[in-house]
Amino acid sequence: MRLFTPEAMREADGKAAAMGYPTLLLMEWAGMKAARVYRRLFGKAPAVVLAGKGNNGGDGLALARHLLLGGVPLRVYAASGQGGDALQMRQALEALGLPLLPLEEASWREGEVLVDALFGTGLKGPLEGFYAGLVDRVNASSLPILALDLPSGLPFSPHVQATATLAFAALKTPHLLYREACGKLFLAEIGLPQALLEREDLPEVATPQALRPLLPKRPLTAHKGSVGRVGVLGGYRGDGLRYAGAPLLAALGAYRMGAGLVHLVLPEGTPLEPLEAVFHPVPAPALPPVKVEALAVGMGGGPWGKAWALEALKAGLPTVLDADALHLEVVALYRQAGVKAVLTPHAGEAGRLLGAPPEAVAQDPLAAARALAETTGLTVVLKGNPTVVAEGGRLSVNPTGNPVLATGGTGDVLAGAIAALLAAGLPPFDAARLAVYLHGLAGDLLAEERGVGLLAREVAEALPRARRALEKGLGLPFALV
Ligand SMILES: NC(=O)C1=CN([C@@H]2O[C@H](COP(=O)(O)OP(=O)(O)OC[C@H]3O[C@@H](n4cnc5c(N)ncnc54)[C@H](O)[C@@H]3O)[C@@H](O)[C@H]2O)[C@@H](O)CC1
Ligand SMILES: [K+]
């Protein structure tokens, strides 16, 4: 599944029209699917539809007709000046005898549901004046809000804070960059020719359909030496400080992602956990002879981060470079040596590597991940909401995960999980996007059960459940209608 920009979506609509496909049919399907979602979420609760004068408003008018025909009480406040398909939708609604009220008079009361059909992909800049005021009033209403295609105003502020958003034809960048504004996300097929949605040049939205085939198989003859062994190098001891937990969490992440054996290389005096690992306590960063197929390096490395990474480079194995191992100089050496490496920065670390402020990275994570993959020549996992995986020209945007994962150690678990998949033989891009998806899904499963207050080790422990869910094709965090 591809992630469209609003421009790419408009292009696809335009191409459908140029092919002779009647765009009124797209709008009719959009309205029909929206009515279906409305009924599923709100039953026959009375609707207040706010329709702009563009095609997003047209979708709202189509929805209104389907609600009317379905016996849902409603009022429609519409801007004037519709043309094209939206005008036909207006005429169809009026022909059924429903008077349209002026948008300027929009009002609502307790018990009603608001439908936001003001603006979609056609918005050119931030809302101002009347529309900004209307959006503020909508948000202050405390009524449920169903947004059609996009919460109006996105990607700018102010924008509607929806309870649910129904995206038409494809997800667009704002759906994943502004998840909070979208509320519960739905995606409706509206009859757009499939060929127009297959755009290899656009980023991927990671889906169960795409990821399930990547899961490493476990044959009957499997043994601990055949399914991928991981070396974890990290931790720090000095200045009266000891960072010990991070590499242990990475080891847990690797085991829970299916590693056959984990070798833990860590500072002397570190607790020897988990019991299942093989320990190599060292006085300072070093690479003892270990039989592994991939490495995870840098977790909790503090001032030793660079030294750990340089030791690890001697093995020439696929490596996850995390946290304190993320230095430009290190990254350049891995590139020169032709070693397959996955970098796992958060926005701050990525900003440091790119020479950009972390806010700029967080503002446009797709561009930042792409830029970092380009400048380093390596695979990049830019952690955030959403997490973006980049390699060469390829981008994969992860739809799983939630803020419950924002707690110490979850990144270490992820580093170990990626290393386990590298050790199992997956290419870096696949290992990264699969581990990121499952890690996020583990967080989603736990968030639903327990909410805020998770421990990173619990996320590791939920990885097998996430994997089982993916094996069954489950885990897509938005509903298809
Ligand atoms: N055939 C199509 O093109 C289809 C379009 N669809 C819907 O159409 C939407 C896109 O429709 P449009 O391209 O007509 O665009 P919109 O309906 O999103 O908005 C266009 C209107 O907003 C105005 N506008 C733009 N920026 C503004 C700003 N900053 N402040 C105030 N007014 C502003 C424009 O002048 C225009 O009147 C999609 O989001 C989707 O909901 C769907 O019906 C599917 C088919
Ligand atoms: K909208």
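Axes are lines fitted to C-alpha atoms, for helices over the stretch in contact, and angles between N-to-C directions run from 0 to 180 degrees. The views below are taken from a predicted model.

**View 1. Packing of helix H16 against helix H17**. Helix H16 spans residues 428-450 and helix H17 spans residues 456-471. Their axes lie 7 Å apart and meet at an angle of about 100°. Because angles of 65 to 115 degrees count as roughly perpendicular, H16 is described as roughly perpendicular to H17. On the H16 side, the contact is formed by Leu438, His439, Leu441, Ala442, Gly443, Leu445 and Leu446. H17 contributes Glu458, Val459, Ala462, Leu463, Arg465, Ala466, Arg467, Ala469 and Leu470. By class, eleven nonpolar, two polar and three charged residues make up this contact.

**View 2. Crossing of helix H12 and helix H14**. The axes of H12 (residues 347-354) and H14 (residues 365-376) come within 10 Å and cross at roughly 50°. H12 is therefore oblique to H14, and the crossing is left-handed. Ala350, Leu353 and Leu354 of H12 meet Ala368, Ala371 and Leu372 of H14. The contact comprises six nonpolar residues, with no polar and no charged ones.

**View 3. Surroundings of ligand 1**. The shell around ligand 1 holds 26 residues, of which Gly54, Asn55, Asn56, Gly120 and Gly122 come nearest. Two elements, helix H2 (23-42) and helix H3 (55-69), each give two or more residues to this shell. H3 gives the most, with five residues. Classified by side chain, the shell has ten nonpolar, eleven polar and five charged residues.

**View 4. Residues of the annotated binding site**. An unreviewed UniProt entry lists Lys383, Gly384, Asn385, Pro386, Thr387 and Gly411 under "binding site". These positions are spread over 29 residues of sequence, yet they cluster in space, with a largest C-alpha distance of 14.0 Å. Lys383 is located in the loop between strand S17 (379-382) and strand S18 (388-391).

**View 5. The span annotated as the YjeF N-terminal domain**. According to an unreviewed UniProt entry, the feature "domain: YjeF N-terminal" covers residues 9-198. The C-alpha atoms at the two ends of this span lie 12 Å apart. Helix accounts for 41% of residues 9-198 and strand for 16%.

Terms used: Residues numbered from 1 in each chain as written. Chains lettered and ligands numbered in written order. Predicted model: local features only at pLDDT ≥ 70, side-chain atom pairs only at ≥ 80, totals over all residues. Near = placed C-beta within 6 Å. Helix = DSSP H or I, 4+ residues; strand = E, 2+ residues; numbered from the N terminus. Nonpolar A, V, L, I, M, F, W, Y, C, P; charged D, E, K, R; others polar. UniProt positions renumbered as here; feature names shortened; annotations may be inferred. Parallel < 35°, antiparallel > 145°, perpendicular 65-115°, else oblique. Left-handed = near helix turned anticlockwise from the far one by under 90°. Contact = placed C-beta atoms within 7 Å.
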